[in-house]
Amino acid sequence: MALLGEKEFFKGIGEIKYEGKESDNPLAFKFYNPDQVVAGKTMRDHFKFAVAYWHTLCGTGGDPFGPGTKQFPWSTHPDPLKAAEDKADAAFEFITKMGFDYYCFHDFDLIDEGGSLVESEKRIQHIVSYLKDKQEVSGVKLLWGTSNCFSNPRYMNGAASNPDFDVVARAGAQVKIALDATMALNGENYVFWGGREGYMSLLNTNMKLEQDNIGRFLNMAKDYARSQGFKGTFFIEPKPMEPTKHQYDFDAATSINTIRAYGLENDFKLNIEVNHATLAQHTFQHELQVAADAGMLGSIDANRGDYQNGWDTDQFPNNVMETAEAMLVFLKSGGLQGGGVNFDAKTRRNSTDLDDIFLAHIGGADTFARALLVADAVIQNSPYEDLLGKRYGSFASGKGAEFVSGKLSLTDLYDHASANGEPKQTSGKQELFENILNQYS
Ligand code: XUL
Ligand code: CO
C-alpha cells in the first residue's frame, strides 16, 4: 500500500469493512456502514469518527500501580524527531485501515516536549510538516487540536488559572504554538480541556481572580486565532473533577456560564465527554441536551465509565441502549456543530495485542451506529414523538399557549387556577417510554 511507506505496524490487518451483523469476522463492522444514509445523512457524516492520538498511539497502559504493559512497535527510535515520524506513520496506517476520516491530538502527543520553549516549537513544526504530507496523501483530516497544559510539573498549580503570572504566560506561549500547529494542519476546531484549571483547597485559592484569568486567557487565544484566519470553533470540554477536586468547568451548564460570562458565545461551544458527564452525576444524554438547548452542542468525546468505579476509566462505548438515548438528543437537535465523535478511550491495561486497538474502535463505532439506528426508528416509526408531544399538549393551545408566548401575568395564572379547581393527576408514563426504546432496538 503506497500510503504505508516501507513500514507496516499493524501487520496482517487490512482495511476494516462493513459486513453486517451476521458476520463472524471480529475485524469487520457489524452496524457501522459509513455510506448508509440515516435521517438524511450518511453515518460517516453524522459521526465524523476521530482517533485520539494520546490513547491510541501513546497510551501503553501505565496506571498508579504499575508501568505500561503494551509494546508499541513505533516510538522506539532514540531520535525524538524520528520517533515522532514513526508514531505518525502508525497513526495514519491505523486511521486509514479503520476507514475513519479524522484524528485529534494534544501538542506533545505528536512529539516529546523539548528542553526549552524554542526547542519544543521547533519539534512541533517538524512533525506538523510531516503530518501535513500524511494528511494530503491519505485524505485524513484534523478534527481538533489541543494543548497539554496539565502534565508538565510547571502546571501543577494550573495553567491559565495559575497564581503565578509567569506560568500563565508560559501556558499562553504553548497554546499559541498549538494553535499555529492546528491551523497549519487545517484543524476544524480547537479544544480547551482545563486539566488543572480548578483547585484543591479554597484556603489557598483566589477563585474569582483564577476564573477571570481563564476568561482573559480564552479571549486572547480566540483573538489570536481569528487574527490568523482560523474559522473553526473553539470547544470547552467540561469535567467535574480529576485531576483537581473542583474543576472550574464542572459540567455543561457551568461551562456555558463560563462561555457567556466572558463574552465567548459567538466562538465557543462544548465538547461533551461521556465519562465526564457520569463523573458529574449526570447522564451523557443530559449533558448533550443542556449543550443543545444553549445552541452549543459542538462535539463528543466518546467513551464510558464504570458504574462500580468513581474515576475516569475511559473505556470504549459498548452500551447500545444508553447510547441510543443519547442519539435521540443528537438526532433531534440536528447533530454536532462543527465537531465529530472522537474516541477518547483506551483499551484495558491487559489488552496487549495490537489488534485489540482495532477491536475497540470497531466496537465503539458499531455501538454508535446501532444506537443511531435505534434512535432513528424510535423517532420515525414509534409513537414516541406523539406521546412526548401529548405530554406537553396543554401548552399548544388555549391559556397554555398564551403563557408560552408571554401573554399572561401572575394574576392570569391565579384566575385560571381559581376557575379550574384542582388539576387532574396525569401519569408521566416513564415505563411506557422505556418500553418503546426497548421495542425499537
Ligand atoms: C481528560 C480528557 C482529555 C481531553 C483533551 O479527561 O478527556 O483527554 O479530551 O485534553
Ligand atoms: Co476528552
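# Notebook: a walk through the model

I began with a turn in the chain: glutamine 281 sits in the loop between α9 (274-279) and α10. Before going on, I noted that this is a predicted model. I looked up the backbone of glutamine 281 and found a positive phi of about 65°, although glutamine 281 is not a glycine. Most residues other than glycine have a negative phi, which is why I made a note of it. Is glutamine 281 buried or exposed? With 73% relative accessibility, glutamine 281 counts as exposed.

**Entry: a second loop**

Next I went to the loop between β10 and β11, where I found glutamate 242. Its phi is near 65°, again a positive value in a residue other than glycine. I read 31% relative accessibility for glutamate 242, so I put it down as partly exposed.

What kind of peptide bond joins glutamate 242 and proline 243? I found a cis bond there, with omega about 15°. Most peptide bonds are trans, so I marked the spot. Proline 243 has its place in the loop between β10 and β11.

**Entry: the cobalt ion**

Which residues coordinate the cobalt ion (ligand 2)? I listed Glu237 and Glu273 through OE, and Asp301 and Asp344 through OD, at 1.9 to 2.2 Å. I then checked the geometry of the site: there are six donor atoms, the angles among them run from 79 to 173°, and the site is octahedral. Along the chain, the donors of the cobalt ion (ligand 2) are spaced as E-x35-E-x27-D-x42-D.

I traced two of these donors back to their elements. Glutamate 237 belongs to the loop between β10 (233-236) and β11 (246-247), while glutamate 273 belongs to strand β12 (residues 268-273), so the pair ties together parts that are 36 residues apart in sequence. I also looked up their accessibility. Glutamate 237 is at 4% relative accessibility and therefore counts as buried. Glutamate 273 is at 1%, so I wrote it down as buried too.

**Entry: the pockets**

Here is a friendly reminder to myself: rolling a probe the size of a water molecule over the atoms shows where empty space is left.

I started with the largest pocket, which has a volume of about 1000 Å³. Its lining has 35 residues, and those nearest its centre are His55, Glu242, Asp312, Asp314 and Lys346. I was glad to meet Glu242 again, the residue I had placed in the loop between β10 and β11. Among the elements, α2 (53-58) and β7 (141-146) each give at least two residues to this lining. Sorting the lining by class, I got 14 charged, twelve polar and nine nonpolar residues.

The second largest pocket came out at about 660 Å³. I found 21 residues lining it, with Glu325, Leu328, Tyr384, Leu388 and Phe433 closest to its centre. Which elements each supply at least two residues of this lining? I noted α10 (284-293), α11 (320-332), α13 (384-391) and α16 (430-439). The lining of the second largest pocket divides into ten nonpolar, six polar and five charged residues.

**Entry: the cavities**

How many cavities of 30 Å³ or more does a search of the whole structure find? I got six. The largest cavity holds about 240 Å³ of space. It is lined by 21 residues, and Phe192, Trp193, Gly194, Glu197 and Phe217 lie nearest its centre. Two or more residues of that lining come from each of α6 (165-184), β8 (189-192) and α7 (207-227). By class I wrote down 14 nonpolar, four polar and three charged residues for the largest cavity.

The second largest cavity has a volume of about 60 Å³. Its lining includes His55, Phe72, Lys346 and His361. I had already met His55 and Lys346 by the centre of the largest pocket. For the second largest cavity, α2 and α12 (354-381) each supply at least two lining residues. Its lining divides into four nonpolar, five polar and one charged.

**Entry: stepping back**

Finally I looked at the whole chain. I counted 16 helices and 14 strands. The radius of gyration is 24 Å, close to the 22 Å that the globule rule gives for 441 residues, so the chain is as compact as a globular protein of that length. Its C-alpha atoms fill a box of roughly 80 × 60 × 45 Å along the principal axes. My last note is that buried residues make up 50% of the 441 residues.

Key: Residues are numbered from 1 along each chain as its sequence is written. Chains are lettered from A and ligands numbered from 1 in the order in which they are written. This is a predicted model: local features need pLDDT of at least 70, side-chain atom pairs count only at pLDDT 80 or more; totals for chains, interfaces and linings use all residues. Side-chain values use heavy atoms; hydrogens and water are left out. Donors are N, O and S atoms within 2.8 Å of the metal (3.2 Å for Na, K and Ca); water is not among the atoms, so sites may look incomplete. Four donors count as tetrahedral if all angles lie between 85 and 135 degrees; four count as square planar and six as octahedral if opposite donors are over 155 degrees apart and all others between 65 and 115; anything else is irregular. Helices (H or I, at least four residues) and strands (E, at least two) are DSSP runs, numbered from the N terminus. Buried means under 20% relative accessible area, exposed over 50%, partly exposed in between (1.4 Å probe, protein chains only). On a 1 Å grid over the protein atoms alone, a cavity is a set of points where a 1.4 Å probe fits but cannot get out, and a pocket is an open set with protein on both sides within 12 Å along at least five of seven lines; lining residues have an atom within 4 Å of a point. Grid points are joined across faces, edges and corners, and a volume is the space filled by probe spheres set on the points. Ala, Val, Leu, Ile, Met, Phe, Trp, Tyr, Cys and Pro count as nonpolar, Asp, Glu, Lys and Arg as charged, and the others, Gly among them, as polar. The radius of gyration is taken over C-alpha atoms; the globule rule is 2.2 Å times the number of residues to the power 0.38.
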